[in-house]
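Q: Please take a close look at one part of this structure. Then work outward from there and set it in its wider context.

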Amino acid sequence: MKLHELSLKEQLNGLKEGSFSSTELTKHYLDRISSFDKELNSFITVTEESALNQAKESDERYKSNKALPLDGIPIAHKDIFCTEDILTTCGSKMLSNFKAPYSASVVNNLSSDGVVVLGKTNMDEFAMGSSNETSFFGPVKNPWNKKYVPGGSSGGSAACVSAQLASAATATDTGGSIRQPAALCGLTGIKPTYGRVSRYGMIAFASSLDQGGVLARSAEDSAILLESMSGHDPKDSTSLNEDVPNFLENIDSPIKGMKIGLPKEFFERDLPNHVKSSTKEAIETYKDLGAEIHEISLPNVDLSLPVYYIIAPAECSANLSRYDGVRYGYRCEDPKDLEDLYMRTREEGFGSEVKRRILIGTYALSAGYYDAYYLKAQKCRRLVANDFTEAFKSVDLILSPTTPDTSFKAGEKSDDPIEMYLQDIFTIPANLAGLPGISFPCGSHEGLPLGVQLVGNSLKEAQLFQAAHQFQEATDWHKNLPEVK
Amino acid sequence: MTVFNESWEAVIGLEIHVQLATNSKLFSGASTNFGALPNTQACNIDLAMPGVLPVLNEEVLKMAVKLGKALNANINSPTSFARKNYFYPDLPKGYQISQMDKPIVEDGFLDIELEDGSTKRIGVTRAHLEEDAGKSLHEDFEGKSGIDLNRSGTPLIEIVSEPEINSPEEAVAYLKSIHSIIRYLEISDGNMAEGSMRCDANVSVRKVGSDELGTRTETKNVNSFRFVEKAIQYEIERQISEIESGNTITQETRLYNSQANTTRPMRTKEYANDYRYFPEPDLLPVVLEDSFIKKTLEQMPEMPNEKKLRFVNEYDLSEYDASLLAADRDLANYFEEVTGESKSAKLSANWIMGELSAELNKENLNILNSKISAKQLGQLIKRIEDSTISGKIAKEVFEKMWSSGNEVDTIIEKEGMQQVTDLSEIESMVSKVIDENPDQLKQYLSGKDRLFGFFVGQVMKESQGKANPAQVNEILKEKLKE
């Protein structure tokens, strides 16, 4: 078996047993990146030199029996996580020259567990998009079919893991940016409970919705990585002061008797047959595993999309104000005066989707509109969250398709923002409610993967991993990988 | 109270920004020291680097709770933060973290003392926490502006009064009262010249008896008590004269120019902002536990009003003296230390508010850097009380002490300033004076009683001021009878 075909867990065992070194593994991935990524465009920055240094240090630690929990595993970081002295662009011209003098807490957590960082992955500009077509650094291609998009905004992380150019990757999810690309690229992706993973050093899009997570090839691999990333961070006031459990501890326990809810509002939607049938098959698998299936209702869940498209742009309109050309990042040439500096820096530095959302958000917060838009959206957000609270009184997990369909062709939706926004119809509610959600492969249609999503109650990531892992023990969908040429 | 024109009444509300004396900033660990080199006290958070997050400095909560108590106000729990959005280069995030819906302090009042001795209650609408902006420096950079972000993120509490102030004098009394409170609580140094306390005045005028408020202006940039009084006075007069000449008042922000003693409108562009306030998603609402509030309030010092009452009761001072001494915590402490040494509260109060204040004012010093310590002044007064020196000689000793820093007894000894209390010595001086002034003696004996003072004066002169005046009186009376 080739090194890149091994799962993260298998690679970890191989490193421990000395079957191969981290340097070999890292070189292997770097070779694959240089062979395949020109076309896929999943990386914005490849950190070859520092990766090899880290691998070398890791090998030393193995030799001296001082290995760290994730020692020597080559991963990639979404380019939204600040990495000290390495370019962090957030997929934008605005930060195309930005090197942070600090690293995100997620990056530090993983590094102190010994990972090797191969580079920074492509993404929709400032994480705004569902196809990875809004990146200043060009679109990313789906390894399953290069005419198709990998999803977004974590499209680079998804594509590089799917194409086996990294063992796993970090990602972020504001409305589905981990789970949607996971579904479209045939991966397992988890967005944990809001506050489980520190947002410090993770460039903000919509602060009350953003959450870091993982894209990997299985529930087990995701659990290993997420455990290292998670934990209370005094530098993030919204970070939860909760112990991180061992996510692998119950992963092998049977799920007999676990109650899975199917929200009728989701299943009543007009979905393509292949989505319906693969979701139904997944439900059958869970029945076979001994789970109880219940129909439930989330009566206000249809409000999610409009609520999201008020709150996320409103927060982003303020979060992105700091990009003004004064202190760092892109600055227009020869500004005439202050206003010219602001206007041209932001006109030239931001792409059109980012500008659209800044405008929507600014409008929603303006005097005279605030009550009708922002305040109402906050109230509706509460209603959606309450629906989940109510639902979790009778079920343990909530199952739905992750996306309304398989991937779509590049350019197909780029002129129709509403059509693009509908990509996240099943994933957004978990962000609004701050709940953990996992997507994993459950089928395939015309050579493109399909995903199913489980949403758990607050802090129940372990239960999500257990349910997803049991599914993956019973099925082989997650083992399908695209053949990269 | 200033009367402008009997038919007009001024309506004034003050917004006072107080810089809180924390060691580090409101949402970052950077130092808040004044006067460091530009941009040396601004960390990644103050610079609004991508991905950084604010973490509340909990010290400010204690300060705000104490202030709330001193302002007889409610403490909101939970209290929450909001973003106030506007673009300016010295505001790195493009928004200021402030408070909107749930300010930490709300619905209080302050009783201020007016010059005629009466008190007036001024409502305090709210006091909220917010971060300061940096500074834009428009000089020294040809064709450009410099930005210094050292001040960026410094904690402020903004105290907003009800529009219940009706004259410049009341405004200053209110401001001084707030100043006294924040210094007592040690939550700010209240230094207006350095900008630790800044005052914006909302002023409008209306016809006496009218229920409707006139259009108000907001005057900014007023950095001393005196300027607050003058700026408000100017603004009231300007508004009255505008209206009386048939013009209307524009609602606008005006800047005070202390050199010209005028106010002028700021560019309307800077004013016409829609701040698009919304809850700060990076900070959760802060719950102040009862135990936290209780523990904080246990650390409250005695406040100016309480201290004043105690001074009246304990030291038998007049209301006026007590209130002057109690207004400044350092002055009050100095007074108590002097009294502890001298054992005479009244003399101590007189000396502090008389000689000492005059010297301090002359050299522009405050009580903390007085050249005479409380202990020294106490000893001086003790020497008056035990008749070692007279009050008149004491003034000379005071001056020598001020310039040399020497101890009281050293000066008295060295200069031979002890009061003469030796009866025979005084008797011989009295005899000498009587012998040398036979004409005056004749006149006195023939009934010109007021010449008694002349003899006292002559004896004091003879003794170089050192004779004990009471003894001189007594002996003179006896001798003149003979």
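A: Start with strand 3 (residues 82–85) of chain B in this predicted model. Strand 3 of chain B pairs with strand 14 of chain B through 2 bridges. The two run antiparallel. One position shows the register: B:Ala82 sits opposite B:Pro279, a residue of strand 14 of chain B.

Now widen the view to the sheet. The sheet is open and has 3 strands. Their order is 4-3-14 in chain B, and the pairing is antiparallel. Strand 4 (95–98) and strand 14 (278–279) of chain B take the edges. Each edge strand has a single partner strand, so one of its sides has no neighbour in the sheet. As background, strands of a sheet pair through backbone hydrogen bonds, in a parallel or an antiparallel sense.

Chain A offers a parallel pair to set beside this one. There, strand 2 (residues 74–78) of chain A pairs with strand 3 (residues 116–121) of chain A in the parallel sense. That pairing runs over 5 bridges. A:Ile75 has A:Val117, in strand 3 of chain A, as its bridge partner. How many residues of strand 2 of chain A are buried? The count is 5 of the 5, so the rest of the structure largely encloses this strand.

Strand 3 of chain A also leads to a loop. The loop between strand 3 and helix 5 (155–162) of chain A holds A:Phe137. A:Phe137 has 20 C-beta neighbours inside 10 Å, so it counts as buried. The cut-off for that class is 20 or more. Beyond its neighbours within four places in sequence, A:Phe137 contacts A:Ile44, A:Thr89, A:Gly91 and A:Asn122. Another pairing in space involves A:Lys93: its C-alpha atom is separated from that of A:Phe137 by 8.1 Å, with the two positions 44 residues apart along the chain.

Back in chain B, compare a helix position. B:Arg238 belongs to helix 3 (residues 225–244) of chain B. B:Arg238 has 17 C-beta neighbours inside 10 Å, so it counts as partly exposed. B:Thr263 is 25 residues away along the chain, yet the two C-alpha atoms are separated by 9.1 Å.

Next, the nonpolar cores. The largest one has 207 residues. A:Leu215 and B:Ala64 touch the most other members of it. Helix 2 (residues 168–184) of chain B gives this core its largest share, 9 residues. Residues up to four places away in sequence set aside, B:Ala64 touches B:Ile104, B:Val105, B:Ala127, B:Leu129 and B:Ile157. Another core lies apart from this one and has 33 residues. Its members include B:Ala326, B:Leu347, B:Ile381 and B:Met401.

The two chains meet in a contact. Chain B contributes 27 residues to it, and chain A contributes 35 residues. The chain B side divides into 18 nonpolar, 4 polar and 5 charged residues.

What about the overall form of chain B? It holds 16 helices and 14 strands. Its radius of gyration is 30 Å, well over the 23 Å given by the globule rule for 482 residues, so chain B is more spread out than a compact globule. Along its principal axes, the C-alpha trace of chain B spans about 95 × 55 × 55 Å. Chain B is divided into three parts: domain 1 (8–294), domain 2 (302–415) and domain 3 (423–481). The C-alpha centres of domain 1 and domain 3 of chain B lie 66 Å apart. Buried residues come to 41% of the 482 residues of chain B. Among its contacts with a separation of 6 or more, 69% join residues 24 or more positions apart.

Chain A can be read the same way. It has 16 helices and 11 strands. Its radius of gyration is 21 Å, which agrees with the value near 23 Å for a compact globule of 485 residues. The C-alpha trace of chain A spans about 65 × 55 × 45 Å along its principal axes. In chain A, 60% of the 485 residues are buried. Residues 24 or more positions apart make up 76% of the chain A contacts with a separation of 6 or more.

How values were computed. Residues are numbered from 1 along each chain as its sequence is written. Chains are lettered from A and ligands numbered from 1 in the order in which they are written. This is a predicted model: local features need pLDDT of at least 70, side-chain atom pairs count only at pLDDT 80 or more; totals for chains, interfaces and linings use all residues. Domain bounds come from an automatic or database domain assignment. Two strands pair if DSSP finds at least two bridges between them. Helices (H or I, at least four residues) and strands (E, at least two) are DSSP runs, numbered from the N terminus. A nonpolar core is a set of buried Ala, Val, Leu, Ile, Met, Phe, Trp, Tyr and Cys residues joined through C-beta atoms within 7 Å. A residue is buried if 20 or more other C-beta atoms lie within 10 Å of its own, exposed if 12 or fewer, and partly exposed in between; C-beta atoms are placed from the backbone. Two residues are in contact if their C-beta atoms, placed from the backbone, lie within 7 Å. The radius of gyration is taken over C-alpha atoms; the globule rule is 2.2 Å times the number of residues to the power 0.38. Ala, Val, Leu, Ile, Met, Phe, Trp, Tyr, Cys and Pro count as nonpolar, Asp, Glu, Lys and Arg as charged, and the others, Gly among them, as polar.
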